[in-house]
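Got your viewer open and a cartoon view loaded? Let's take a walk through this one together, one selection at a time.

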Amino acid sequence: MMVPLPAYVHVNLRIIDPAKQAALAPRFQAALQEAGGRILHFGPVAQVLEGDETPLPMAGVFEFATLAQALGFYNSEKYVPLKAERREAQQARMFVVEAG
């Protein structure tokens with residue numbers, strides 16, 4: 001039997017509206033937790049180690065038990081309405097990886 005692999009959602013962002021970001025953060029965290037995710041890291045990018053493209057100043061990593069759970073969060077009834085608000089509060093890149 002295959003053991004499910006954990007999945008990690010990565011976000012790299014710049015806050016463009018601090019007030020909207022502050023209002024959004026607790027709702028994002030609640031949707032994340034309800035979907036079984038947990039925050040491993042959220043804070044400033046400490047240093048660029050390699051690459052030509054400069055990252056946005058903030059980064060986050062969110063852990064889920066499986067890729068399906070991570071995708072379920074991204075498409076959940078709680079998170080989908082927050083996507084438009086996120087675009088007003090922050091400029092972001094987001095992707096998911098599966099461990100293994």
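Below is a short tour with a few stops, and at each one you get something to select and a description of what is there. Keep in mind that this is a predicted model.

**Stop 1: the sheet**

Start by colouring the strands. You should find an open sheet of four strands in the order β2-β3-β1-β4, with antiparallel pairing. Why is one side of β2 and of β4 left without a neighbour in the sheet? Select 38–44 for β2 and 90–98 for β4: both stand at the edges with a single partner strand each, so one side of each has no neighbour there. Now tilt the view: on average, neighbouring strands of this sheet are turned by 15 degrees against each other, direction ignored.

**Stop 2: strand β3**

Next, select residues 58–64, which make up β3. Six bridges join this strand to β2, and the two run antiparallel. To see how they line up, show F42, which stands opposite G60 in β3. Then show R38, whose bridge partner in β3 is E63.

Go to the other neighbour, β1. β1 and β3 pair in the antiparallel sense over seven bridges. Pick L13 here, and its bridge partner in β3 is M58.

Is β3 mostly covered or mostly open? Mostly covered: six of its seven residues are buried.

**Stop 3: the helix lying across**

Select residues 67–74 to light up helix α2. This helix lies across β1 (7–15), β3 and β4, and runs at about 155 degrees to β4.

**Stop 4: a buried arginine**

Move on to helix α3, residues 80–89, and show R86 as sticks. R86 is buried yet has no salt bridge. How far away is the nearest side chain of opposite charge? That side chain belongs to E85, and it is 10 Å away. What R86 does have is a polar contact between its side chain and the side chain of Y79, at 2.8 Å. Turn on the surroundings too: leaving out residues up to four places away in sequence, R86 touches V11, L24, F28, Y79, A92 and M94.

**Stop 5: Q90**

Hop over to Q90, in strand β4. Q90 has a relative accessible area of 6%, so this residue counts as buried. Its side chain makes a polar contact with the side chain of Q21, at 2.5 Å. If you skip residues up to four places away in sequence, Q90 touches L13, R14, I15, I16 and Q21.

**Stop 6: the salt bridges**

Side chains of opposite charge can pair when their charged atoms come close. How many salt bridges are there here? The count comes to five. Try these pairs, which are among them:

- Select E88 and K20, whose side chains meet at 3.0 Å, N to O. The pair links distant parts of the chain, with E88 in helix α3 and K20 in helix α1 (residues 18–34), 68 residues apart. E88 is partly exposed at 45%, and K20 is partly exposed at 38%.
- Select E34 and K78, which meet at 3.4 Å, N to O. Here E34 sits in helix α1 and K78 in the loop between α2 and α3, 44 residues apart. E34 counts as exposed at 57% relative accessibility, while K78 is partly exposed at 46%.
- Select E53 and R93, with their closest N and O atoms 3.0 Å apart. E53 is in the loop between β2 and β3, R93 is in strand β4, and they are 40 residues apart. E53 counts as exposed at 57%, and R93 as partly exposed at 35%.

Definitions and conventions:
Residues numbered from 1 in each chain as written. Predicted model: local features only at pLDDT ≥ 70, side-chain atom pairs only at ≥ 80, totals over all residues. Heavy atoms only, no water. Pairing = 2+ DSSP bridges. Axes fitted to C-alpha atoms, helices over the stretch in contact; angles between N-to-C directions. Contact = heavy atoms within 4.5 Å. Buried < 20%, exposed > 50% of the residue type's maximum accessible area, 1.4 Å probe, protein only. Lys, Arg positive; Asp, Glu negative; His and termini not counted. Salt bridge = Lys/Arg side-chain N within 4 Å of Asp/Glu carboxyl O. Polar contact = N/O pair within 3.5 Å; in protein donor to acceptor, adjacent residues only side chain to side chain.
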